[in-house]
Amino acid sequence: MGAPQLPLGLSEGASGSPEQRPRAGLRLPDPVPIEAGSDEAYAIEIQAKSIINRVPGEARVPFGWTINPFRGCTHSCIYCFARRTHQYLDLDSGHDFDSKIVVKVNAGALLRRELAAPGWRGEAIAMGTNTDPYQRPEGRYRLMREIIAALRDRANPFSILTKGTLILRDLDLISEAAEVAKVSVAVSVGSVNEALWREVEPGTPSPLRRLDVVRRFTEAGIGCSVLMAPILPGLSDSPEQIDETVAAIAEAGATNLTPIVLHLRSGAREWFQQWLSARRPDLLPLYERLYCNGAYAPKWYQREVLQLVEQAKERHGMARQQRSENFRTQQENPLQSDADRDSTRQLALL
């Protein structure tokens, strides 16, 4: 599975009409119904009706509100739990999720209006809860600069979780926001093995470039946590691989490290299974054993992996770190069973 051919170096002054200008490798679709399962890559521009989303109370996640400027994700992580959300648009959770990206072009203006509403109480907002706000189209649309500026101007607390190095473009705004509100930044790095990265996260910056983000935010005095996720059975869960990853995270100056073992929900499960069958059929029996009862690996396996991470953290001077006040993950307790699945269900994007 090669990396998608999406150009990264886009000029703001691209020639041609707005409809012809490149959008991080995506073009606007023709004014006809979009065909599911096609090879085309589209930026589907919409005028969103709302941008601050309330998290259902039964979701049991440590944040109550989210913003997602995109739906779908060019990062193309084969395990992404949000893949199923594209099925709500009658698109598939595989290639369509990677290439047909819904862009909420009015996100910034809409956010300013919602933050100014009499009923808004200035509660913390999480970003990066489903698809990545710093995926490739953000380089063209620049929605996050508008969003962060709006949050800064209202002194509204927020957190960002990303795999995108493009967040460094907004370091100035994030620094300004951190002076007036509580701000938390986290980067996702499941493994520093570059061969594995190219296979399972083909549209993302390399893990080492992501750790440069950690380093830059730490140097800026904001700090940056790392979500070590997902840890993949048979692929990144050996003691040697875990130690290598934790060592790199510690060296980058991460303020906190939170490990999470892979979970495979509907939508992601089928896409990941297809990749395993093509690339690592030798691991199929292992995955059948670990995920035979649902989306989550057995608790005994999770405990073994998390113990390896804790041991590595102690070796590399991270054992006594405390979780930062604003840091949030998709799961409060990473030791999930399938019985917990409904209470930690994926969030709606629109």
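Here are three short exercises, with worked solutions, on the predicted model shown above.

**Exercise 1. Getting an overview**

Task: Find how many helices and strands the protein has, and what share of its residues count as buried.

Solution:
- Step 1: Start with the secondary structure, which comprises 11 helices and 10 strands.
- Step 2: Turn to burial: the protein has 350 residues, and 54% of them count as buried.
- Step 3: Look at the outside, where the accessible surface comes to about 15,200 Å². Carbon and sulfur atoms account for 49% of that surface.
- Step 4: Finish with the contacts. Taking those with a separation of 6 or more, 79% are between residues 24 or more positions apart.

**Exercise 2. Placing Thr204**

Task: Work out where Thr204 sits, whether it is buried or exposed, and which polar partners its side chain has.

Solution:
- Step 1: Locate the residue. Thr204 belongs to the loop that runs between helix 6 (194–200) and helix 7 (207–219).
- Step 2: Check its accessibility. Thr204 has a relative accessible area of 6% and the cut-off is under 20%, so it is buried.
- Step 3: Search for polar partners. A polar atom of the Thr204 side chain lies 2.8 Å from the backbone oxygen of Glu201. The Thr204 side chain also makes a polar contact with the side chain of Arg210, at 3.1 Å.
- Step 4: Widen the search to residues beyond four places away in sequence. Here Thr204 touches His75, Cys77, Lys163, Trp197 and Arg210. Arg210 therefore appears in this list as well as among the polar partners.

**Exercise 3. From Ile147 to the core**

Task: Describe the surroundings of Ile147 in helix 4, then find which residues have the most contacts inside the largest nonpolar core.

Solution:
- Step 1: Place the residue: helix 4 spans residues 143–153 and contains Ile147.
- Step 2: Judge burial. The relative accessibility of Ile147 is 0%, so it counts as buried.
- Step 3: List its contacts, leaving aside neighbours within four places in sequence: Ile67, Pro69, Ala107, Leu111 and Met127. One of these, Pro69, is 78 residues from Ile147 in sequence, with a C-alpha to C-alpha distance of 9.0 Å.
- Step 4: Follow Leu111. Beyond its neighbours within four places, its contacts are Ile51, Ile52, Ile67, Ile147, Ala150 and Leu151.
- Step 5: Step back to the largest nonpolar core, which has 75 residues. Those with the most contacts inside it are Ile52, Leu111, Ile160, Phe272 and Tyr287. Helix 4 gives the most to this core, with five residues.
- Step 6: Add the second, separate core, which has six residues, among them Ala43, Phe70, Val103 and Tyr141.

Key
Residues numbered from 1 in each chain as written. Predicted model: local features only at pLDDT ≥ 70, side-chain atom pairs only at ≥ 80, totals over all residues. Heavy atoms only, no water. Helix = DSSP H or I, 4+ residues; strand = E, 2+ residues; numbered from the N terminus. Buried < 20%, exposed > 50% of the residue type's maximum accessible area, 1.4 Å probe, protein only. Polar contact = N/O pair within 3.5 Å; in protein donor to acceptor, adjacent residues only side chain to side chain. Contact = heavy atoms within 4.5 Å. Core = buried A, V, L, I, M, F, W, Y, C linked by side-chain atoms within 4.5 Å. Areas by Shrake-Rupley, 256 points an atom, 1.4 Å probe, with all protein chains shown as cover.
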